[in-house]
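Trainee: I would like to take a close look at a single part of this model, and I would be glad of a careful, connected answer.

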Amino acid sequence: MKKLYQAVLMAVTSIVLLNPAYAHDPSEHMGKSEAPNCPEMMKMEGMEGMGSMDRKDPVMMAMMEQCKGAQDADEETGDHHKSDDGDHKQGSHHHKMDGQYHSDDHDKN
Amino acid sequence: MSAKIVIASVLVAVFGGIGFLYSGIYPIGADVPHNKLTYWALTTLRESSIAHASKIVEVPDLSNPSLLLEGGADYNDMCTGCHLKPGKKESDMTLGLYPSPPNLSKALATGGREYGKQEGDKQARRQFWIIKHGIKASGMPAWGKTHDDKRIWAMVAFLQKLPTLTPLQYQIITARKSGSANMQH
């Protein structure tokens with residue numbers, strides 16, 4: 001009887017103490033979802049200041065990660081100068097980024 | 001005789017205080033600032049409490065760029081209304097709340113001195129604690145009830161860099177690409 005009582009007490013205590021903090025899905029409070037303005041970034045990379053940013057700087061690395069698909073597409077097609085004109089290109093970059101972006105890096109944390 | 005005076009004084013103070021509380025004299029509207037003494041007392045209480053409580057917080061490595069992307073997206077979704085972003089100087093919340101939420105997109109005044117690692121860690125502990133536990137009667141919620149520590153640390157990592165970001169850098173880093181919208185923790 002005593003062992004049964006102890007087992008029940010441990011089970012109840014475990015359930016209470018192991019109650020996790022439920023993190024809700026980011027999409028619950030996601031505002032307007034907009035694509036990163038990668039064409040503007042690539043345009044500015046040629047300018048002073050932005051182009052001289054340390055490639056190992058976490059901010060730079062984060063931006064490059066966001067625009068990875070767009071940069072790869074530009075290198076393949078050689079469309080760097082055409083990326084100056086706006087919505088159509090941005091839309092196509094977004095479409096490519098959807099396919100190419102991997103969220104694995106986030107899972108590593 | 002002196003003991004009676006002391007006891008009488010204490011009783012007057014206690015009942016006077018209770019009477020003041022129930023009188024409704026003190027203006028509680030957010031559009032009427034505290035007097036300087038009250039402001040000093042509340043600010044000191046707040047900062048001392050946060051400093052004390054956050055001492056035990058251990059700061060992890062915040063240099064991973066992925067943290068900036070994760071924390072930045074959350075900041076953009078949940079925090080900019082009160083704490084602003086590069087290029088935004090005010091909002092309904094910054095004008096209407098009292099005390100006004102700090103503009104986290106602006107660098108802290110350091111008097112020109114460099115922020116060393118120790119001070120950087122102290123700032124990170126403070127930010128983590130405030131995000132997780134909130135601040136009573138201030139409008140700052142306790143996000144820890146709905147967000148785990150990993151997610152809060154990502155926001156702290158982003159806050160470390162936020163004052164250095166241009167509007168373009170901010171837009172790129174905080175944009176949520178559709179592939180990341182269903183990230184589970």
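In which helix of chain B does Ile7(B) lie, and what can be said about its surroundings?

Mentor: Bearing in mind that this is a predicted model, we can place Ile7(B) in helix H1 of chain B, which covers residues 2-23. The relative accessibility of Ile7(B) is 52%, and because residues over 50% are classed as exposed, Ile7(B) counts as exposed. Ile7(B) also belongs to a nonpolar surface patch of about 1,200 Å², whose other members include Val6(B), Val10(B), Leu11(B), Val14(B) and Phe15(B). Ile18(B), Phe20(B), Leu21(B), Tyr22(B) and Ile25(B) help to make that patch too.

For a contrast within chain B, turn to helix H7, which takes in residues 149-161. Its 13 residues, at 1.5 Å a residue, should span 18 Å, and the end C-alpha atoms are 19 Å apart, which agrees. Where Ile7(B) is exposed, H7(B) has buried residues, among them Ile152(B), Trp153(B), Met155(B), Val156(B), Phe158(B) and Leu159(B). Arg151(B), Ala154(B) and Ala157(B) are buried in H7(B) as well. The buried residues of H7(B) pack against three helices of chain B, namely helix H3 (65-78), helix H6 (117-133) and helix H8 (167-174).

Chain A, finally, has six helices and zero strands, and 29% of its 109 residues count as buried. The surface that chain A exposes comes to about 7,600 Å², with 56% of that supplied by carbon and sulfur atoms.

How values were computed:
Residues are numbered from 1 along each chain as its sequence is written. Chains are lettered from A and ligands numbered from 1 in the order in which they are written. This is a predicted model: local features need pLDDT of at least 70, side-chain atom pairs count only at pLDDT 80 or more; totals for chains, interfaces and linings use all residues. Side-chain values use heavy atoms; hydrogens and water are left out. Helices (H or I, at least four residues) and strands (E, at least two) are DSSP runs, numbered from the N terminus. Buried means under 20% relative accessible area, exposed over 50%, partly exposed in between (1.4 Å probe, protein chains only). Accessible areas come from the Shrake-Rupley method with a 1.4 Å probe; for residues, only the protein chains shown count as cover. Patches are made of residues with over 30% relative accessible area and no salt bridge: like charges are joined within 9 Å, nonpolar side chains (Val, Leu, Ile, Met, Phe, Trp, Tyr) within 5 Å. A salt bridge is a side-chain nitrogen of Lys or Arg within 4 Å of a carboxyl oxygen of Asp or Glu. The expected span of a helix is 1.5 Å times one less than its number of residues. Contact means heavy atoms within 4.5 Å.
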